[in-house]
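Work through the exercises below with the structure open beside you. Try each task before reading its solution.

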Amino acid sequence: MEIDINKLQELIDGSDNIVFFGGAGVSTESGIKDFRSVDGLYHMKFKYPPETMLSHSFYVTHKEEFFDFYKDKLLECTCGADPAKPNAAHLALAKLEEIGKLKAVITQNIDGLHQAAGSKTVYELHGSVLRNYCESCGKSFEASYLYKADGVPKCDKCGGDIKPDVVLYEEGLDNTTMTNAIMAISQADMLIIGGTSLVVYPAAGLIDYYRGKKLVLINYDATARDSVADYSIHGKIGEIFSQLKIG
Ligand code: APR
Ligand code: ZN
């Protein structure tokens, strides 16, 4: 059922175990492109399809090209001249957690903006650009170290290649993160899904663990799972959350 902001406010006011499940659409109002919108990353022209360049096999066989794409399209918004900041959606979710109504944010995003907004319990299903490690000795590195490196970033301790802690296509998701996310969703009285096309698995399959009757889908476009939502709002999630009275 399509609802308005007043009904969303009523549902949130009546819940004290909310879980949020989000995707790239949560960060577009912070200036970070999503993937599948008409102006998203996957509609842009590159020498190789973006989903190929973000795969494990491409990372292994074309490391230089991988890092060219990764730095230009995924790191620029975090380490570039005008780094992305949390928007009203990130801030509202952090506030809902602070007042004890929201128990966890589960995100497919790798930009770290939920934590930057103040969220504490954040399950990053696809990892984070903020975590990077040497594939030989395991030393950790800041994202800025990779951003500044020419070509393939090398460890300053052992000379090994540095890999971002992001889940590439063909790679598995972290078991502990998945288990925590499933626990949170299965215990939630309200599940808010926002800014995701819900087409990438296993992430999208997590919403099937929700047992309640208050599944709210907030998305700009129609999604693959609109029919299973109890309530939906089609619009910009930052704009929508900025109208909520929280706390
Ligand atoms: N408010 C609400 N919805 C929005 C907004 C916004 N401001 N901006 C975009 N959207 C919606 C789009 O309509 C789209 O349906 O967010 C959705 C984003 O979908 P995708 O681009 O497919 O992003 P996502 O669902 O997060 O992709 C999942 O795919 O490539 C992989 O690993 C990558 O984590 C990513 C995964
Ligand atoms: Zn090393």
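**Exercise 1: the second largest pocket**

The second largest pocket of this predicted model holds about 170 Å³ of space.

Task: Find which residues lie nearest the centre of the second largest pocket, and which strand gives the most to its lining.

Solution.
1. The lining has 14 residues; nearest the centre are Gly127, Asp165, Val166, Val167 and Asp174.
2. Two elements, strand 4 (127-134) and strand 6 (162-166), each supply two or more lining residues.
3. Strand 6 gives the most, with four residues.
4. By type, the lining residues are five nonpolar, three polar and six charged.

**Exercise 2: the pocket and the domains**

Task: Explain why the second largest pocket lies between domain 1 and domain 2.

Solution.
1. The domain assignment splits the chain into domain 1 (5-32 + 86-126 + 172-241) and domain 2 (41-82 + 132-166).
2. The centres of these domains, taken over C-alpha atoms, are 27 Å apart.
3. Both domains give residues to the pocket lining, so the pocket lies between them.

**Exercise 3: the sheet**

Task: Give the strand order of the open sheet of six strands, and name its edge strands.

Solution.
1. The order is 3-2-1-7-8-9, and the pairing is parallel.
2. Strand 3 (122-124) and strand 9 (231-234) pair on one side only, so they are the edge strands.
3. From one strand to the next, the twist averages 15 degrees.
4. Helix 1 (residues 5-13) packs on the sheet and touches strand 1 (18-22), strand 7 (190-194), strand 8 and strand 9.
5. Helix 5 (residues 88-98) also packs on the sheet, touching strand 1 and strand 2 (102-107).

Terms used: Residues numbered from 1 in each chain as written. Chains lettered and ligands numbered in written order. Predicted model: local features only at pLDDT ≥ 70, side-chain atom pairs only at ≥ 80, totals over all residues. Heavy atoms only, no water. 1 Å grid on protein atoms, 1.4 Å probe; cavity = no way out; pocket = protein on both sides within 12 Å on 5 of 7 lines; lining within 4 Å. Points joined across faces, edges and corners; volume = space filled by probe spheres on them. Nonpolar A, V, L, I, M, F, W, Y, C, P; charged D, E, K, R; others polar. Domains from an automatic or database assignment. Pairing = 2+ DSSP bridges. Axes fitted to C-alpha atoms, helices over the stretch in contact; angles between N-to-C directions. Contact = heavy atoms within 4.5 Å.
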